[in-house]
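Let's take a relaxed walk through a protein model and look at how some of its side chains meet. Keep the 3D view open and find each spot as you go.

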Amino acid sequence: MTLTGFDTRDRQMFFTLLAMTIRDRFLGSQLGRVWAILNPVMMLSIFSFVFTVVFPQRLPGSNSTYSYLIWLISGYGPWLAINEGLVSGAGSVIGSAGIIKNIAFKSELLPMVGAMMGLIPLTVSFGYLIVLIVLSGASVSPAWLFLPLVAFVQIVLVSGIGLFLSGITVFVRDTLMILPNILMMILFLSPVFFPITSFPPTGQAISYFNPVFILADSYRQPILNGAAPDLWRLCYVAVLGVIVFTAGLQFFRRLKPYFSSRL
């Protein structure tokens, strides 16, 4: 037994639930799990078309649209992962009502499985980036080895938020309706689509404490500059993630006894 209350059996159950979630997400479709790759690829392709053909963009000092696309997707890909993880986590408990009622397991695993679902678009985004980098004539840097560390920090934070959201959603189903709108606001309030220098000074100061911006920048440093991310700021997000995860776990477990009456 660990400090979080999980043991070896819970770890095995976690991976079983993850496999079930991936299978059930695309159950009944002709292409099945292929959609897990096609959906993010189509989204990234749309952005590539828009910003290379419709509204061609270039980074300052660059004559190529590839550099802008690599910059954009290296931040937007992680955002797709955060968005997918939070939406999946928020609906994970009510979406698994049948399992919760019929199988004895720690239901707090469900929001954590939801957070892991974000790794699918994140992995696809990295593959898409590698293609763009090769087409641009550049190469993948050894600094990419920092990316799993950044992804781990992201998963911890998203899992913690998902624990809060999933518990609230059981009692307030409208959470699933308003969450995409809130996430859209967060996206455009964070320097993901545009450089932080486009913010006014006050906005820049606030953004330096914004976990979304810090995570996006932590991915961009190895991908764009071949450099390690700012480890101090990444540590800040890691500590924040541990705090949110611990608080979310306690919050979820306090609500859990009342789930059966609402599912």
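## Charged partners

Glu108 and Arg253 make a salt bridge, and their closest N and O atoms are 2.6 Å apart. Keep in mind as you look that this is a predicted model.

Where along the chain do Glu108 and Arg253 sit? Glu108 is in the loop between helix H4 (97-102) and helix H5 (109-116), while Arg253 belongs to helix H11 (residues 231-255). That puts them 145 residues apart, so this pair links distant parts of the chain.

Are the two partners buried or exposed? Glu108 has a relative accessible area of 1%, so Glu108 counts as buried. Arg253, on the other hand, comes out at 29%, which makes Arg253 partly exposed.

Now look for Lys256, which forms a salt bridge with Glu108 too, the closest N and O atoms being 2.8 Å apart. Lys256 lies in the segment after H11 and Glu108 in the loop between H4 and H5, so this pair ties together parts that are 148 residues apart in sequence. With a relative accessible area of 28%, Lys256 is partly exposed. Put the pieces together and you get a network of salt bridges that links Glu108, Arg253 and Lys256.

There's another bridge to find, between Asp217 and Arg233. Asp217 lies in helix H10 (residues 211-225) and Arg233 in helix H11, so the pair ties together parts that are 16 residues apart in sequence. What about cover: are Asp217 and Arg233 buried or exposed? Both of them are buried.

How many salt bridges does a search of the whole structure find? The search turns up four, and the table lists some of them, including the pairs you've just visited.

| Salt bridge | Closest N and O atoms |
|---|---|
| Glu108 and Arg253 | 2.6 Å |
| Lys256 and Glu108 | 2.8 Å |
| Asp217 and Arg233 | 2.6 Å |

## Rings

Time to switch to aromatic side chains. The structure holds eight aromatic pairs. One of them is formed by Phe252 and Phe259, with 5.2 Å from centre to centre and 80 degrees between the planes. That pair is edge-to-face, and both Phe252 and Phe259 are buried.

Which residues do ring pairs link into a cluster? Look for Phe126, Trp144 and Tyr219.

A ring can have a charged neighbour as well: Arg220 lies over the face of Trp71, at 3.9 Å from the ring centre.

## A patch and a serine

On the surface, Ile130, Val134 and Val140 make a nonpolar patch of about 240 Å². To find Ile130, go to helix H6 (residues 119-136). Its relative accessibility is 35%, so Ile130 counts as partly exposed.

For a last stop, pick out Ser190 in the loop between helix H8 (175-189) and helix H9 (201-207). Is Ser190 buried or exposed? Ser190 counts as buried because its relative accessibility is 1%. What does the side chain of Ser190 reach? It comes to 2.7 Å from the backbone oxygen of Ile186.

Note on methods:
Residues numbered from 1 in each chain as written. Predicted model: local features only at pLDDT ≥ 70, side-chain atom pairs only at ≥ 80, totals over all residues. Heavy atoms only, no water. Salt bridge = Lys/Arg side-chain N within 4 Å of Asp/Glu carboxyl O. Helix = DSSP H or I, 4+ residues; strand = E, 2+ residues; numbered from the N terminus. Buried < 20%, exposed > 50% of the residue type's maximum accessible area, 1.4 Å probe, protein only. Patch = residues over 30% accessible without salt bridge, like charges linked within 9 Å, V, L, I, M, F, W, Y side chains within 5 Å. Areas by Shrake-Rupley, 256 points an atom, 1.4 Å probe, with all protein chains shown as cover. Phe/Tyr/Trp six-rings, centres within 6.5 Å; stacked < 30°, edge-to-face > 60°. Lys NZ or Arg CZ within 6 Å of the ring centre and 35° of its normal. Polar contact = N/O pair within 3.5 Å; in protein donor to acceptor, adjacent residues only side chain to side chain.
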